[in-house]
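Colleague: Could you take me through this structure? I should like to begin with the pocket.

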Amino acid sequence: MVYLYGASGHAKVVTDVVLSNKANVISGVFDDNTSINKFNNLPFFGSFEPSKIDKLSKLIICIGDNLIRKNISDKLININFLTALHATSVVSKNSSIKQGTVVMANAVVNSGATIGQHCILNTASIIEHDCIIEDFVHVSPNATLTGGVKIGEGTHIGAGAIIIPNITIGKWCKIGAGTVVLKNIPDNSVVVGNPGKIIKKIF
């Protein structure tokens, strides 16, 4: 049985990812927002409490914000998390994907890639060979990480961005939509443009 934590637009897409594998059944949805009382015609259980799910069930944190997703996961001890791969995604048997990560429709993860916990590989994103993606990263739709790229914890790669081979992007960065990254990027940087330039630091 699978449960979703978060009742948002992102959760709607995660629902499709989970159900694309016909062996999966979504048993219910949780959200701590008390103004929400239903979601997507699925059983809705309100605020999350670990006692509401059994030890054999698996949970996905369906929250797009990387920091919020990290903060929630840090509080959830002894919870089994589902790694969800859309049926149309292409994932090499020689890659590694850790728990809680969601790989959406038409995304590609090629040989030698290592993907951390609770990442989002969004629609049609490409993770090429030997990339290393740390925990809580979000790679947006149609973004391309070419071979040997390393992405630090919590970084958000915007839609359609391109990272050339063997580049390292630090932790908790924001790479703007359509940005082309040609050089290494330090932690906590906001990068936009072609070629990508650091426009500010975030903390």
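Colleague: How many nonpolar, polar and charged residues are in the lining of the largest pocket?
Modeller: The lining of the largest pocket comprises 5 nonpolar, 6 polar and 2 charged residues. Please note that this is a predicted model.

Colleague: And what volume does the largest pocket have?
Modeller: Its volume is about 270 Å³. The lining consists of 13 residues, and those closest to the pocket centre are Leu67, Gly154, Trp172, Lys174 and Ile202.

Colleague: Turning to the sheet, in what order do the strands come?
Modeller: The order is β5-β8-β11-β14-β17-β20, an open sheet of 6 strands with parallel pairing.

Colleague: Which are the edge strands?
Modeller: They are β5, residues 90-91, and β20, residues 180-181; each of these pairs on one side only.

Colleague: How many bridges join β14 to β17?
Modeller: There are 2 bridges between β14, residues 144-145, and β17, residues 162-163, and these strands run parallel. Within β17, Ile163 is the bridge partner of Leu145.

Colleague: Now the interior. Which residues touch the most other members of the largest nonpolar core?
Modeller: That core has 26 residues, and the ones touching the most other members are Ile127, Ile133, Val139, Leu145, Ile157 and Ile169. Leu145 is thus named here as well as in the bridge to Ile163.

Colleague: What is Ile127 in contact with, leaving aside neighbours within four places in sequence?
Modeller: Ile127 is in contact with Val108, Val109, Asn110, Ala113, Ile115, Leu121, Ile133, Val139 and Leu145. Apart from the largest core lies another, of 19 residues, including Val14, Leu82, Met104 and Ile120.

Key
Residues numbered from 1 in each chain as written. Predicted model: local features only at pLDDT ≥ 70, side-chain atom pairs only at ≥ 80, totals over all residues. Heavy atoms only, no water. Core = buried A, V, L, I, M, F, W, Y, C linked by side-chain atoms within 4.5 Å. Buried < 20%, exposed > 50% of the residue type's maximum accessible area, 1.4 Å probe, protein only. Contact = heavy atoms within 4.5 Å. 1 Å grid on protein atoms, 1.4 Å probe; cavity = no way out; pocket = protein on both sides within 12 Å on 5 of 7 lines; lining within 4 Å. Points joined across faces, edges and corners; volume = space filled by probe spheres on them. Nonpolar A, V, L, I, M, F, W, Y, C, P; charged D, E, K, R; others polar. Pairing = 2+ DSSP bridges. Helix = DSSP H or I, 4+ residues; strand = E, 2+ residues; numbered from the N terminus.
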